[in-house]
Each structure stands twice: as structure tokens, then as C-alpha cells.
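Here is a friendly briefing to read with the model beside you. Take a moment to turn the structure around before you start on the bullet points.

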Amino acid sequence: AVQPIEEDYFEILGLPREFDVDARHLENRFRSLQRMLHPDLFGTKSQQEQRISAAASAAVNQAYQTLRDAHRRAVYLLGLYGIDVGETGETLEDPELLMEVMEMHEAIEEAGTNMDVLRELYTQNKER
């Protein structure tokens, strides 16, 4: 029987909760889970199992989409530790803090997928 799935995207995909993710391992875990959970496989099962399968498959999909993208992974990982990076459109009142956040956001965008630069930015930000 299909069991309801965990909420933490790293747990869902069986990955350690850290920024560095092995892309090949991530994709292999995603494909393996989808082969077991895809709703088409539960067409003859009970309504409850079909609903759980659909929800689990959607959760695996969302986890994969989030963790395969470095920016989305960083925002998600920070959120797990209670750090809101302001992606919701909220505003900051402190102009110095706002400038600092904007500069960091710009540096992250410029870094793109360069993991060395992203790690350095993470280290700098953690030291503040």
C-alpha cells in the first residue's frame, strides 16, 4: 500500500539536507520514486490509494523541481531553517538592510550556477 509522503523535499528524495546536490543522484531518485508512485499504476486500487499516490507523485515532482534548481534550492533550504529571503514581495523598512539584501540578491543572480561563488556568498552571509 502507498503511504502518505514526508513534507521535507530532501527527505522525500532521500538526500542529505545540504546545498550541494548530486544532480545525477537527484534525477535517479526522482525517476525511481515516480516509477513506484505514478498515479497510472494505481488505477485499479482503492480511491484512498489513488489519492495518496497522486499526492505523493505531486510531492515528489515539486521536490525535484525545487531541488534541481540552485536558486530555488537555496531559498527552500534557508526556509527550512526559518530564514525568509523575502521572495513573497514583502518590503524592508531599514534602507541599509534593504541595500544589503538587494546586493546579495544581485550577487546570487550573477553567480548563476557557479557553485564556488555561491558557497563563498553563503559563507560571507553566514558570518554576518
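About 9,000 Å² of the chain is exposed, and carbon and sulfur atoms supply 50% of that area. Please keep in mind that this is a predicted model. Of the 128 residues in the chain, 26% count as buried.

**The overall plan**

- The chain contains 6 helices and 0 strands.
- If you walk along the sequence, the pattern you meet is α-α-α-α-α-α.
- Look at the contacts in the chain with a separation of 6 or more: residues 24 or more positions apart account for 51% of them.

**Helix H3**

- Helix H3 covers residues 47–67, which makes 21 residues.
- From its first C-alpha to its last, H3 reaches 30 Å, close to the 30 Å expected at 1.5 Å a residue.
- Which residues of H3 are buried? They are Glu-49, Ile-52, Ser-53, Ala-56, Ser-57, Ala-59, Val-60, Ala-63, Tyr-64, Thr-66 and Leu-67.
- The cover over these buried residues includes helix H1 (9–12), helix H2 (23–37) and helix H4 (70–80).

**The nonpolar core**

- In soluble globular proteins, nonpolar side chains tend to be buried together.
- The largest nonpolar core here has 23 residues, and the ones that touch the most other members are Ile-12, Leu-13, Val-60 and Leu-67.
- Two or more residues of this core come from each of H1, H2, H3, H4, helix H5 (95–111) and helix H6 (115–127).
- H3 gives the largest share of this core, with 6 residues.
- Leu-67 is a good residue to click on: leaving aside neighbours within four places in sequence, Leu-67 is in contact with Tyr-9, Phe-10, Leu-13, Leu-15, Leu-26, Arg-73 and Tyr-76.

**Aromatic rings and the charges over them**

- How many aromatic pairs does the structure hold? There are 3 of them.
- In one of these pairs, the rings of Tyr-9 and Tyr-76 have their centres 4.3 Å apart and their planes at 15°, so the pair is stacked.
- Tyr-9 belongs to helix H1 and Tyr-76 to helix H4, so this pair ties together parts that are 67 residues apart in sequence.
- Both Tyr-9 and Tyr-76 are buried.
- Tyr-9 and Tyr-76 also form one aromatic cluster together with Phe-10.
- Arg-17 has its charged end over the ring of Tyr-81, 5.6 Å from the ring centre.
- The charged end of Arg-73 sits over the ring of Phe-19, at 4.7 Å from the centre of that ring.

**A buried acid before H1**

- Asp-8 is in the segment before H1.
- Is Asp-8 buried or exposed? Its relative accessible area is 8%, so Asp-8 counts as buried, since the cut-off for buried is under 20%.
- Not counting residues up to four places away in sequence, Asp-8 touches Arg-17, Tyr-76 and Leu-80.

**From H2 into the loop that follows**

- Arg-35 has its place in helix H2, and with 59% relative accessibility Arg-35 counts as exposed.
- Arg-35 and Ser-57 are 22 residues apart in sequence, while their C-alpha atoms are 9.5 Å apart in space.
- Where is Leu-41? You will find Leu-41 in the loop between H2 and H3.
- Leu-41 has a relative accessible area of 47%, so it is partly exposed.
- Apart from neighbours within four places in sequence, Leu-41 is in contact with Arg-35 and Met-36.
- Between the C-alpha atoms of Leu-41 and Ser-53 there are 8.7 Å, and these two residues are 12 residues apart along the chain.

**A residue in H6**

- Asn-125 is found in helix H6, where its relative accessibility of 41% makes it partly exposed.
- The C-alpha atom of Asn-125 is 8.4 Å from that of Met-104, and the two residues are 21 residues apart along the chain.

Terms used:
Residues are numbered from 1 along each chain as its sequence is written. This is a predicted model: local features need pLDDT of at least 70, side-chain atom pairs count only at pLDDT 80 or more; totals for chains, interfaces and linings use all residues. Side-chain values use heavy atoms; hydrogens and water are left out. Helices (H or I, at least four residues) and strands (E, at least two) are DSSP runs, numbered from the N terminus. The expected span of a helix is 1.5 Å times one less than its number of residues. Buried means under 20% relative accessible area, exposed over 50%, partly exposed in between (1.4 Å probe, protein chains only). Contact means heavy atoms within 4.5 Å. Rings of Phe, Tyr and Trp (its six-membered ring) pair if their centres lie within 6.5 Å; planes under 30 degrees apart count as stacked, over 60 as edge-to-face and the rest as tilted. A charge sits over a ring if NZ of Lys or CZ of Arg is within 6 Å of the ring centre and within 35 degrees of the ring normal. Accessible areas come from the Shrake-Rupley method with a 1.4 Å probe; for residues, only the protein chains shown count as cover. A nonpolar core is a set of buried Ala, Val, Leu, Ile, Met, Phe, Trp, Tyr and Cys residues joined through side-chain atoms within 4.5 Å.
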